[in-house]
Amino acid sequence: MSRRSLLSPLHTYMRLSIAPFVPLNHVRRASLNSAIGRGIRKTQGLEGSPSSRNSFDSDYERPQRQRRESKPYRTEKSQRGERVEGDFDEDEFIRTGNFRALPREHQRFQNNRKPMRNGNMGRNDREIRDRPHEKRLPRRTETPKHHRATEKVPERIKENVQVPDSIPYTTPASEFVYGTSAVEAAMRCSRRRLYKLYLYQAAGEELNSSKVALRKLALSKNIKVKMAFAGWDRLFDKMSSSRPHNGCILEASPLPRLPVRSLRNVSSVEEDCFSVELGVQSREEALVNSTNDRIKINHWQQRRRYPVVLLLDGIVDPGNLGAIIRSAYYLGVDAIVFAGRNSAPLSPVTIKASAGAAENMTLLEVSNEVDFIQRSKANGWRFYAADAPGPASTYVDNLSAVDGKDGDHSGNQSPCVIMMGSEGSGLSRHIKSHADSIVSIPGARLGTPLGVEADPSRVDSLNVSVAAALLMEMFLRVPLAVAGVPLKKSR
């Protein structure tokens, strides 16, 4: 059987409709005449008459009828009278104009149109036919590369990702803690509610040891970890207010600050804890701040002492506030009391400046400073106000001379509170008037009769964070650590 006899009638119509030398109206007229003639022969009973067939046959119908009788695309089911999807029914096509598609291997023209892009259709079949020399490019689909997760590359690094405009907070009170030390301390101390850890990884780089440790620590505490790539570095800058974040940011609840009214009496130097009188707080605040009124005293090895507390009033620089918290935690101060309404908040800037010390420091808050001082003094606490040295100042070697008692320092005589004021004006007058004594750190260049007037640079005080560290060291009398010089290695 020749290839020409295997062509279906539909191919004949498509070739006639596509061929440039056959008008489209001739094809429609021929198919319509064929349908009308076949209908007349059936109604008059002339379908089997050779003479009647010859009267209606045309040069076009005869080869078409011969091809139709062969029906090369009929399957065995269709020959038994069963309709099979994919078979071409010429009678139905002539009667209704509808037809079922031929099997794909017999389709000559397939739909190769490209999908719509930006509302414009791609090339149609005619354009493909007119330009067969053009190479059809395959559709560009992004296939994910196989990635084997490791500790330093837990996820496949993506060079182009869609970055959101901002990161929503899990709760209205959430805040972003950034910096390696601050984030690690927040997760280890677990005094906050921790929601999600964001780690940034640049293309072509692996996670350093600190980020690997942070990721493991977060997963061990069931904290969600989000790996960020590509343009997320700009979003990290936005989350950290353009401050150094080291590629790690933690979303957490605020740091707790316990409201108190006074410090209770400490019976002896052998006590391991001291009590506070709690202030008023709501149920939601109690869930964050807790209701524990017992504070541990940080004894250094076997040396027993009374508790030492630091009171801050009006520290407005978050960097200074963080440095003071760091020094207080390192030297062993038992608690920090925040007084006044003009103090800097415990913002992420303060937390980062404290190098994570604020996460494990006991933080207290008072609403009425004078009432707090009076109640605590009635319970045996002594208050010392820090100020610049004046002409009436007396220079002593230790604080025992201030109280007129024998001993190494005041920390061995009674519980005490060191009060530090703002960077510019110092302690407010109404707080300073309730202090038991005023303590100062004299400068070596101010010992002349003219005082600060003899110094051309006019430096008459220390930074508040440095002054606080020196005063805390004097009150705590932290011993000086001395070690031998290590020997040099011979080459």
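Reader: What percentage of the 491 residues in the chain is made up of buried residues?
Author: This is a predicted model. A residue is buried when its relative accessible area is under 20%. Of the 491 residues in the chain, the buried share is 36%.

Reader: How many helices and strands does the chain hold?
Author: The count covers the whole chain. There are 13 strands. The helices number 17.

Reader: Among contacts between residues at least 6 apart in sequence, what share joins residues at least 24 apart?
Author: Contact here requires heavy atoms within 4.5 Å. Take the pairs at least 6 apart in sequence, then keep those at least 24 apart. The share kept is 73%.

Reader: How much accessible surface does the chain have, and what part belongs to carbon and sulfur atoms?
Author: The accessible surface comes to about 30,500 Å². The part that belongs to carbon and sulfur atoms is 49%.

Reader: Which residues have the most contacts inside the largest nonpolar core, and which helix gives the largest share?
Author: The largest nonpolar core has 50 residues. Those with the most contacts inside it are M187, L310, L312, I336 and M420. The largest share of this core is 7 residues, and it comes from α17.

Reader: Which residue of α17 does L310 touch?
Author: Set aside residues up to four places from L310 in sequence. L310 then touches I324, A328, V333, A335, I336, V337, I418, M420 and M472. Among the buried residues of α17 are L471, M472 and F475. The residue on both lists is M472.

Reader: What span does α17 reach, and what is expected?
Author: Helix α17 runs over residues 464–476, which makes 13 residues. The expected value uses 1.5 Å a residue and comes to 18 Å. From first C-alpha to last, α17 reaches 18 Å.

Reader: What covers the buried residues of α17?
Author: The buried residues include V464, S465, A467 and L476. One helix among their cover is α12 (318–331). The cover also includes the strands β8 (308–313), β11 (382–386), β12 (416–420) and β13 (437–439).

Reader: Which residue follows α17, and what is its phi?
Author: The residue after α17 is R477. Its phi is positive, near 50°.

Reader: Why does P348 count as buried, and which residues is P348 in contact with?
Author: P348 lies in helix α13 (residues 348–353). P348 counts as buried because its relative accessible area is 18%, and the cut-off is under 20%. Leaving aside neighbours within four places in sequence, its contacts are E175, F176 and Y178.

Reader: How far apart in space are P348 and S241?
Author: In sequence, P348 and S241 are 107 residues apart. In space, C-alpha to C-alpha, the distance is 9.5 Å.

Definitions and conventions:
Residues are numbered from 1 along each chain as its sequence is written. This is a predicted model: local features need pLDDT of at least 70, side-chain atom pairs count only at pLDDT 80 or more; totals for chains, interfaces and linings use all residues. Side-chain values use heavy atoms; hydrogens and water are left out. Helices (H or I, at least four residues) and strands (E, at least two) are DSSP runs, numbered from the N terminus. The expected span of a helix is 1.5 Å times one less than its number of residues. Buried means under 20% relative accessible area, exposed over 50%, partly exposed in between (1.4 Å probe, protein chains only). A nonpolar core is a set of buried Ala, Val, Leu, Ile, Met, Phe, Trp, Tyr and Cys residues joined through side-chain atoms within 4.5 Å. Accessible areas come from the Shrake-Rupley method with a 1.4 Å probe; for residues, only the protein chains shown count as cover.
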